[in-house]
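Q: I am new to this structure and would like a close look at a single part of it. Please keep the sentences short.

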Amino acid sequence: MKENNLLKDVSLKLVEVAMGRRFADTVIKNTKLVNVVTREILENIDIAIYSGRIALVGDASHTIGEGTNIVDASGLYAVPGFMDGHMHIESSMMNVCEFAKAVVPCGTTTVFADPHEIANVFGTKGVKLMIEDSKKVPLRCQIAMPSCVPAVSFFEDSGATISSLDVKEFMEYDEVCGLGELMNFPGVLNGDENMHQEIYATLDSKKIITGHYSMPETGRGLNAYIASGVRCCHESTRKEDGLAKMRLGMYLQIREGSAWHDLKEVVKSITENKLDTRYATLISDDTHPDTLINEGHLDHIVRVAIGEGVDPITAIQMVTINVAQCFKKDDDLGIIAPGRLADILLISDLEKIDIKKVFIEGKIVAENKKPLFEFEKTNYKDWVKNSVKLVKPLTPEDFKIEAPKDKQGFVKTRVMEIIEVKVGTYAREIDLKIENGFINADLSQDVIKVAVIERHKMTGTMGKGFVKGFGLKEGAVASTVAHDAHNLLVVGLNDEDMALAANTLADVGGGMVAVKNGKVIALLELPIAGLMCDKDVEYVAKKVKDLDNAWKELGCLLHSPFMTMALISLAVLPELRLTNRGLIDTINYKFTELFV
């Protein structure tokens, strides 16, 4: 746990505080305690804290001495600190420290973070970088060791590889809570040796395996996946998915992120069936800075759940005790009870989740939506900031797509169609016009070009194709945030703007850019692995807003279009994807031709 605050080191002193033989460091007085174990609200409760842990819950008057800090919580509810059971800090586009400043005032005291984004760029060095940064802030950052780097090795090229031996080594780290999302579920089901060696290493360490089962099949495949040892899964988009997973003893992680709004549908598995919710949790997965500023983090997700008919105490259980039990951490976290770490929120309204004070290990770390902690800025080395490596600057010719030699007029082409605020795509077959031997974007059918360029090892490989649904009318946009290999991803209508967008990101070390008529109209530089920057949430949110406005200027009116764009290259999601190696049929898990 944070700062190795182990119960065995202070258990006798906690006994002495509870018995009145030693004074508490802090006593929270007169709170309305939300007991997530019994689903009760208990009035006029005191909480005595010593050395970062809770010594007593009840009448703590005998634990107060001259040096005891007294916090009057009259009229306020005390709830356990909120925990996010699956998320990627990199998706905030901030480093760990700035992310902590943004989410701790929202009541988030613990995150179970899977750093597979930076791991796909830098491998184990990237994981260590995240661990070291997390030590500078009070936010408890538990690492789920990336399991699929690259996500599907035979479909793409990433910047690094994480092996089962790496997983075994990192399971010894105190900061590592288990294995990150097993996206290569076909590998699990088909007996891939490396996947199962990673599973064995995790099971040997008595830590947990987190899942990613995105297929609608809930019969033999889902059973086999859970039987391998996978404990939880966040890839449910239908109420049927959630119901099947909980019935099979898998923790359901209901996702509500900046772009993936799955809660409204998936939570019906509980509300319509009146199920026991002990195996249900709420998670964010990916959250953008504008969401953190305008709506919040887990506090916002809890509010959404309440709005969908979940009882407030039940919703709070889904970000506290249920998460702690999922990760086998309930001896320390998730409950306001003797012996547990003093991660406590004081809230004025249970339905609005209006957070007034945040305690982590007994210290007030945020008050009235403001962080109360500082940290030393990280001086990142050159290898961190120079991760976009191309063989040469790209030219408009690189983005041309040749038509088949034997075709004239029109050619039937495989096109990805994106789905707004959803992770899936539709595989379409669309007739596109041949012009001078090449296929171009087709505005009349909302079809534009897309390219994925390898940017880690200067291989020069480049996949090209078409995508439908963005609504772009001109220009191009590019990003080095392109799940999960994070190669250089470009979409656009004309080759000149696509080349400018790609080269701009290569010049600045990565990020997101929008281009129109040969000019850059918005740019967010993300020099940390091409994924993050060390600026605060307000700075990043403004840059993201500028980019969002640029998308609109180019004709796209989607919600979080960059987030949707970033999944074009993720070859573990249905139905059609593009990587630097080519077009992937992700239903049958095989390469497929661009032209039918």
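How many aromatic pairs does the count come to? Please take the aromatic rings as the part to study, then show me what surrounds them.

A: The model is a predicted one. In it, the count comes to twelve aromatic pairs. One of them joins Tyr-251 and Tyr-279. This pair is stacked. The ring centres lie 4.1 Å apart, and the planes meet at 15°. Planes under 30 degrees apart count as stacked, so the label fits.

Where do these two tyrosines sit? Tyr-251 belongs to strand β12, which covers residues 251–255. Tyr-279 is in the loop between α11 (268–271) and β13 (280–283). The pair therefore ties together parts that are 28 residues apart in sequence. The two partners also have their own values for accessibility. Tyr-251 is buried, because its relative accessible area is 4%. Tyr-279 has 29%, so this residue is partly exposed.

A second pair is formed by Trp-551 and Phe-562. Their ring centres are 5.2 Å apart, and their planes stand at 90°. That angle is why the pair counts as edge-to-face. Trp-551 lies in helix α18 (residues 537–554), and Phe-562 lies in helix α19 (residues 561–565). The pair thus ties together parts that are eleven residues apart in sequence. Trp-551 and Phe-562 are both buried.

There is also an aromatic cluster. Phe-154, Phe-155, Phe-185, Tyr-213, Tyr-225, Tyr-589 and Phe-591 make up this one group. Phe-591 leads on to a sheet, since strand β30 spans 590–591.

That sheet is open and has three strands. Their order is β28-β29-β30, and the pairing is antiparallel. The edge strands are β28 (576–579) and β30, each pairing on one side only. Four bridges link β28 with β29, which holds residues 582–585. Within this pairing, Thr-579 faces Gly-582 of β29.

Now go back to helix α18, the home of Trp-551. Helix α18 is among the elements that the buried residues of α2 pack against. The others named there are β6 (82–87), β7 (108–113), α4 and α12 (289–294). Helix α2 is mostly covered, with seven of its eight residues buried. The buried ones are Val-96, Cys-97, Glu-98, Phe-99, Ala-100, Ala-102 and Val-103.

Helix α4 comes next. It spans residues 124–134. Its buried residues are Gly-126, Val-127, Leu-129, Met-130, Ile-131, Asp-133 and Ser-134. The cover over them includes α2 (96–103), α3 (116–122), β8 (140–145), α5 (164–170) and α16 (382–385).

One residue of α5 can be viewed alone. Ser-164 has its place in that helix. Its relative accessibility is 15%, so Ser-164 counts as buried. Ser-164 touches Asn-194, Gln-197 and Glu-198, leaving out residues up to four places away in sequence.

Another buried residue is in helix α1. Val-17 is found there, and the helix runs over residues 7–19. Val-17 is buried, because its relative accessible area is 0%. Beyond its neighbours within four places in sequence, Val-17 is in contact with Arg-22, Phe-23, Ala-24, Tyr-50, Ala-55, His-62 and Thr-63. Two of these contacts, Phe-23 and Tyr-50, bring in aromatic residues. Ile-54 is 37 residues from Val-17 along the chain. Their C-alpha atoms are separated by 9.6 Å.

Strands also pair elsewhere. Strands β15 (residues 355–360) and β16 (residues 363–367) run antiparallel and are joined by four bridges. Val-358 stands opposite Ala-366 of β16. The two strands make a hairpin with two residues between them, where Glu-361 has a positive phi near 50°. On β16 there is a further partner, β17 (residues 370–371). Two bridges join β16 and β17, again antiparallel. Here the bridge partner of Ala-366 is Pro-371. This hairpin has two residues between its strands, and Asn-368 in the turn shows a positive phi of about 50°.

Last, the empty spaces inside. The count comes to five cavities of 30 Å³ or more. The largest has a volume of about 130 Å³. It is lined by 18 residues. Glu-235, Asp-285, Asp-286, Leu-567 and Leu-570 lie nearest its centre. The lining divides into six nonpolar, five polar and seven charged residues.

Methods. Residues numbered from 1 in each chain as written. Predicted model: local features only at pLDDT ≥ 70, side-chain atom pairs only at ≥ 80, totals over all residues. Heavy atoms only, no water. Pairing = 2+ DSSP bridges. Buried < 20%, exposed > 50% of the residue type's maximum accessible area, 1.4 Å probe, protein only. Contact = heavy atoms within 4.5 Å. 1 Å grid on protein atoms, 1.4 Å probe; cavity = no way out; pocket = protein on both sides within 12 Å on 5 of 7 lines; lining within 4 Å. Points joined across faces, edges and corners; volume = space filled by probe spheres on them. Nonpolar A, V, L, I, M, F, W, Y, C, P; charged D, E, K, R; others polar. Phe/Tyr/Trp six-rings, centres within 6.5 Å; stacked < 30°, edge-to-face > 60°.
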